[in-house]
Amino acid sequence: SLDLSKQSLTKYLLVLSLSFALADATAPSSKNFHILKGKDENHEVSLNGHTCQFGYRAANSAHHEEWHMSIRKEQNEENEEYICVIEDIDLKPPHATFFGFSARMVGAKSNQLTGTEVWSHEGLMLENDDYVQDGAMVRTDTHHRHTSLSKLVVRSQ
């Protein structure tokens, strides 16, 4: 009887440990960081083999504002989608001006994004002629200096 209870307890602990491991594998991943002027900076978050990378160079207007970056998985009946959100959480002016930025989803199916959103501090979603989408990456067009970037969203399968 004692051996049976040890086996049951061992099985229970194994199932419980496995449940926590699966929950951790699908739980959103996130981090906060500060925009620094005049330096090339790169940040990333990962989930289930998908890594969202954000790189930028901020101009002198950057004032150490705080940004948040997260990746999560959404599942519907047809497929699963990984969504990365990179956003300014310190919404106080002045806002950083970017010489350039890029967001990439490493691990995207067929090396393609399924959608992008680039938002300004004025609450406007920028049009495709303001940035370039290339495969699993969205980046600034070299002709634009993004003075009011507030949020990027990249989606992939």
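## A disulfide, a hairpin and two unusual loop residues

Cysteine 52 and cysteine 84 form a disulfide, and their sulfur atoms sit 2.1 Å apart. Keep in mind as you look around that this is a predicted model. A search through the whole structure turns up 1 disulfide. In general, a disulfide is a covalent bond between the sulfur atoms of two cysteines.

So what does this link tie together? Cysteine 52 belongs to strand β3 (residues 50-58) and cysteine 84 to strand β5 (residues 80-88), so the pair connects parts that are 32 residues apart in sequence. The link of cysteine 52 and cysteine 84 is left-handed, with -75° about the S-S bond. Is cysteine 52 buried or exposed? Cysteine 52 is buried, at a relative accessible area of 0%. Cysteine 84 is buried too, with a relative accessible area of 0%.

Now follow β3 over to its partner. Strands β2 and β3 run antiparallel and are joined by 8 bridges. Across that pairing, glutamate 44 stands opposite glutamine 53 in β3. The two strands, β2 and β3, make a hairpin with 2 residues between them. In the turn you'll find asparagine 48, which has a positive phi of about 50°.

Strand β2 (residues 40-47) is worth a slow look, one side chain at a time. In a regular strand, the side chains alternate between the two faces of the sheet. Here is how that plays out in β2: Glu41, His43, Val45 and Leu47 point to one face and are buried. Asp40, Asn42, Glu44 and Ser46 point to the other face and are not buried. Glu44, on that second face, is the glutamate that stands opposite glutamine 53.

Finally, take a look at two loop residues. Histidine 64 has a positive phi although it is not a glycine, and asparagine 111 likewise has a positive phi without being a glycine. The table puts them side by side.

| Residue | Phi | Loop | Relative accessible area |
|---|---|---|---|
| Histidine 64 | about 65° | between β3 and β4 (66-75) | 47% |
| Asparagine 111 | about 55° | between β6 (98-106) and β7 (115-120) | 48% |

Where do they fall between buried and exposed? Histidine 64 is partly exposed, with a relative accessible area of 47%. Asparagine 111 also counts as partly exposed, at 48% relative accessibility. Compare that with the disulfide, where cysteine 52 is buried and cysteine 84 is buried as well.

Technical notes:
Residues are numbered from 1 along each chain as its sequence is written. This is a predicted model: local features need pLDDT of at least 70, side-chain atom pairs count only at pLDDT 80 or more; totals for chains, interfaces and linings use all residues. Side-chain values use heavy atoms; hydrogens and water are left out. A disulfide is a pair of cysteine sulfur atoms within 2.5 Å. Helices (H or I, at least four residues) and strands (E, at least two) are DSSP runs, numbered from the N terminus. Buried means under 20% relative accessible area, exposed over 50%, partly exposed in between (1.4 Å probe, protein chains only). Two strands pair if DSSP finds at least two bridges between them.
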